[in-house]
Amino acid sequence: MFRIRENEIADAQTTTDIWRIMLREIPPIAAEYFVGGADDLTTLKANVLAFQQTLLAPPGAIKHKELDTTTNVFGQELSLPFFVAPVGSLRTLWPMADAVASQVAGEFGTAMALSTLSQTPMESVAEASNGPNWFQLYLCGGAETAKRGISRARDAGFSALLLTIDTAVSGNRIVHERMKPMDAVSSLFSGPRKLERALHRVKLGPQVLPRTGWLWRHWRDGGLLPFCNIINEHGEPMPYAGIGQQLAASAVTWSDLPWIKEAWGDQPLIVKGVHCAEDALRAEELGATGVIFSNHGGRQLGRAIPSLQIVAEAMPKLRAANSKLDCAMDGGIRSGLDVLIGLSYGLKAVGLGRVTAGGLGAGGHLGLTRALELIKEDLLRSMELLGVQNIRQIQQQGEKFRRQSMVLGTEHIPQFSF
């Protein structure tokens, strides 16, 4: 009943193909949370364009019998140099989606990073995989609520804590707000504008009702669930509607790192949302063992520089400062070749956010498996064509084979998809 698009998923040749299947499966009112970015999407598009404008100069006549894609990052050995980045509200795409993503990540020998803004219990996420799981932390609800989440994550077996620092307030996601998503999910029987909200739901019918598979799965899964990993002092989960105000009320500052590190203990503490080498070094001084360079997928500051540019500017400075940080990035990665380009700056791994959302929305386990297969296959092919045998060679030889494009304009570059 309500079968997924198995043949289309199997025939997908790029993650863009997977993304387009997701858009056919998920109604826009639900998909836009994962599709959009801040303001006029400048940073979202720039994240992708920065990779597309990076070219490579491969040496010839090199052939390796075997390739090694293992990497060690944040205290974990991964079979592949990419991981599932933390993305909130994945359960609006697929039932128990975070646990599904954890299972798929484990099957590929890599890690799953769980967002605080998940509607899947962290214990279920940890149990779904025999691979490493990392917990991404927001301070929603304040310090005591965060400490409860930290303790719970540690007890569930999460092996690294990712602290996001670039959410002083929510970004200005214009298209999403124009859709009035909260009018679609709030009660019709309380609060102001009851008639307006009721009419809004009626207008959503043409985009929701034809997607019977999604509608059936979403209803069977419980609908729009609260954030079950944010538990207040009364033992109640944070409702879905409360996130914007919570982020603004509990923004992270550098003074929070000491107590967070103390609460977490000796396992790796990773600072995510780092935009410059100076912040990375400050995080290291305060006890962080790694950083993730990220502009939140272009969803926060509307004119933030692309993630790859952050990496290009920061990594030489960290080397000059003899930093011991493990470094990763996310933002703009859509292929295995993008993964290779990111690693070429010396990164240990990269995170996949929208690729994960696209795979889950296209078809749960099957969709995400195909998406990660495409990334892996393209990475292996790119390594062979570039003549590198392992991740270490990519990191060491990156400056030698990486070039900036001399082709003016963007007409030769594929039209932006996601």
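This is a short tour of a predicted model, stop by stop, with a selection to make at each one.

**Strand E12**

Begin by selecting residues 326-330, which form strand E12. Five of the five residues of this strand are buried, so E12 is largely enclosed by the rest of the structure. If you show the side chains, you will find that both faces of the strand are covered, with Asp326, Ala328 and Asp330 buried on one side and Cys327 and Met329 buried on the other.

**The strands paired with E12**

Keep E12 on screen and add strand E11, residues 290-293, which runs parallel to E12 and is joined to it by four bridges. Within this pairing, Ile292 stands opposite Ala328 of E12. To follow the chain from E11 to E12, select helix H15, residues 307-320, through which the chain crosses in a right-handed β-α-β crossover.

Next add strand E13, residues 349-352, which is also parallel to E12 and is connected to it by three bridges. Ala328 is again a useful landmark here, since its bridge partner in E13 is Ala349. Adding helix H16 completes another unit, for E12, H16 and E13 make a right-handed β-α-β arrangement.

**Where H16 meets H17**

Now select H16, residues 336-343, together with helix H17, residues 354-386; their axes come within 7 Å and cross at roughly 60°. That angle makes H16 oblique to H17. On the H16 side of the contact, show Gly336, Leu337, Val339 and Leu340, and on the H17 side show Ile375, Asp378, Leu379, Ser382, Met383 and Leu386. Sorted by character, the residues of this contact comprise seven nonpolar, two polar and one charged.

**Helix H2**

With H17 still displayed, move to helix H2, residues 15-25, and pick out its buried residues, which are Thr15, Thr16, Ile18, Trp19, Ile21, Met22 and Glu25. Which helices do the buried residues of H2 pack against? They pack against H17 and also against helix H1 (6-11), helix H3 (28-35) and helix H11 (212-220), so that these are the elements to add to the view.

**Ser118**

For the last stop, centre on Ser118, which lies in the loop between strand E5 (112-114) and helix H6 (122-127). Is Ser118 buried or exposed? Its relative accessibility is 0%, and Ser118 therefore counts as buried, the cut-off for that term being under 20%. To see what surrounds this residue, leave aside the neighbours within four places in sequence and select Asp98, Pro226, Phe227, Cys228 and Asn229, with which Ser118 is in contact.

Conventions:
Residues are numbered from 1 along each chain as its sequence is written. This is a predicted model: local features need pLDDT of at least 70, side-chain atom pairs count only at pLDDT 80 or more; totals for chains, interfaces and linings use all residues. Side-chain values use heavy atoms; hydrogens and water are left out. Axes are lines fitted to C-alpha atoms, for helices over the stretch in contact, and angles run from 0 to 180 degrees between N-to-C directions. Helices (H or I, at least four residues) and strands (E, at least two) are DSSP runs, numbered from the N terminus. Angles under 35 degrees count as roughly parallel, over 145 as roughly antiparallel, 65 to 115 as roughly perpendicular and the rest as oblique. Contact means heavy atoms within 4.5 Å. Ala, Val, Leu, Ile, Met, Phe, Trp, Tyr, Cys and Pro count as nonpolar, Asp, Glu, Lys and Arg as charged, and the others, Gly among them, as polar. Buried means under 20% relative accessible area, exposed over 50%, partly exposed in between (1.4 Å probe, protein chains only). Two strands pair if DSSP finds at least two bridges between them. A crossover is right-handed if, with the strands pointing away from the viewer, the path from the first strand over the helix to the second runs clockwise.
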